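Here are my notes on the model, set out as numbered points. They cover confidence, disulfides, helices, loop and packing.

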Amino acid sequence: MSTAMNFGSKTFQPRPPDKGSFPLDHFGECKSFKEKFMKCLRDNKFENALCRKESKAYLECRMERQLMAQEPLEKLGFGDLTDGKPKAETNS
């Protein structure tokens, strides 16, 4: 039985997931934002329109930590909650 080991292979370079992908937050980097959003939903009988600020903060956290692809907040439906300035996209 032989085992092939490729020590000269490329190292893994992380990148944001494709649009539509929503990977798990294994290290809990955005857990506090998620908990605030979930509490808001519970407190408002799961009426998500009343929790848009919490939802926006959660998605911003995920984008900042490359847990999802960068998207302009206006494109995600939060144009009315932005300060009028488009968020600069990072080119990694």
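1. Over residues 30-64, what percentage of the chain is helix and what percentage is strand, and how far apart are the end C-alpha atoms? In this predicted model, the stretch is 74% helix and 0% strand. Its end C-alpha atoms lie 10 Å apart. The UniProt record, an unreviewed entry, places the feature "domain: CHCH" at residues 30-64.

2. On confidence, the protein chain has an average pLDDT of 80, and 68% of the residues score at least 70. For residues 86-92 the pLDDT is below 50. That stretch still has 5 contacts in the model beyond near neighbours in sequence. Where pLDDT is low, the predicted coordinates should not be read in detail.

3. Next, the chain as a whole. The protein chain contains 2 helices and 0 strands. Of its 92 residues, 23% are buried. Among contacts with a separation of 6 or more, 52% are between residues 24 or more positions apart.

4. The structure has 2 disulfides. Counting bonded cysteines along the chain, the pattern is 1-4, 2-3. The points below take each disulfide in turn.

5. Cysteine 30 is bonded to cysteine 61, with an S to S distance of 2.0 Å. Cysteine 30 sits in the segment before helix 1 (31-43) and cysteine 61 in helix 2 (residues 52-64), so the disulfide ties together parts that are 31 residues apart in sequence. The link is left-handed, with -95° about the S-S bond. Cysteine 30 and cysteine 61 are both buried.

6. The other pair to inspect is cysteine 40 and cysteine 51, whose sulfur atoms are 2.1 Å apart in a disulfide. Cysteine 40 belongs to helix 1, while cysteine 51 is in the loop between helix 1 and helix 2, so this pair ties together parts that are 11 residues apart in sequence. Its S-S torsion is about -95°, so the disulfide of cysteine 40 and cysteine 51 is left-handed. Cysteine 40 and cysteine 51 are buried.

7. How many residues does helix 2 have, and what does it span from its first C-alpha to its last? Helix 2 has 13 residues and reaches 18 Å, close to the 18 Å expected at 1.5 Å a residue. Its buried residues are Ser55, Lys56, Tyr58, Leu59, Glu60, Cys61, Arg62 and Met63. The buried residues of helix 2 pack against helix 1. Just after helix 2, glutamine 66 has a positive phi of about 55°.

8. Serine 55, a residue of helix 2, has a relative accessibility of 18% and therefore counts as buried, the cut-off being under 20%. Leaving aside neighbours within four places in sequence, serine 55 is in contact with Phe37 and Phe78. Serine 55 and lysine 36 are 19 residues apart in sequence, with their C-alpha atoms 8.9 Å apart in space.

9. Two backbone angles in the loop should be looked at. Lysine 45 lies in the loop between helix 1 and helix 2 and has a positive phi of about 55°, although it is not a glycine. Is lysine 45 buried or exposed? Lysine 45 is exposed, at a relative accessible area of 76%. Phenylalanine 46 is found in the loop between helix 1 and helix 2, and its phi is positive, about 60°, although it is not a glycine. Phenylalanine 46 is exposed, with a relative accessible area of 55%.

10. Which residues make up the largest nonpolar core? It consists of 5 residues: Leu59, Met63, Met68, Leu73 and Phe78. Leu59 and Met63 also appear among the buried residues of helix 2. In soluble globular proteins, nonpolar side chains tend to be buried together. Outside its neighbours within four places in sequence, leucine 73 is in contact with Lys56, Glu60, Met63, Phe78, Gly79 and Thr82. Of these contacts, Met63 and Phe78 are listed in the core as well.

Key:
Residues numbered from 1 in each chain as written. Heavy atoms only, no water. Disulfide = S-S within 2.5 Å. Helix = DSSP H or I, 4+ residues; strand = E, 2+ residues; numbered from the N terminus. Buried < 20%, exposed > 50% of the residue type's maximum accessible area, 1.4 Å probe, protein only. Core = buried A, V, L, I, M, F, W, Y, C linked by side-chain atoms within 4.5 Å. Contact = heavy atoms within 4.5 Å. Expected span 1.5 Å × (residues − 1). UniProt positions renumbered as here; feature names shortened; annotations may be inferred. pLDDT = per-residue confidence, 0-100.
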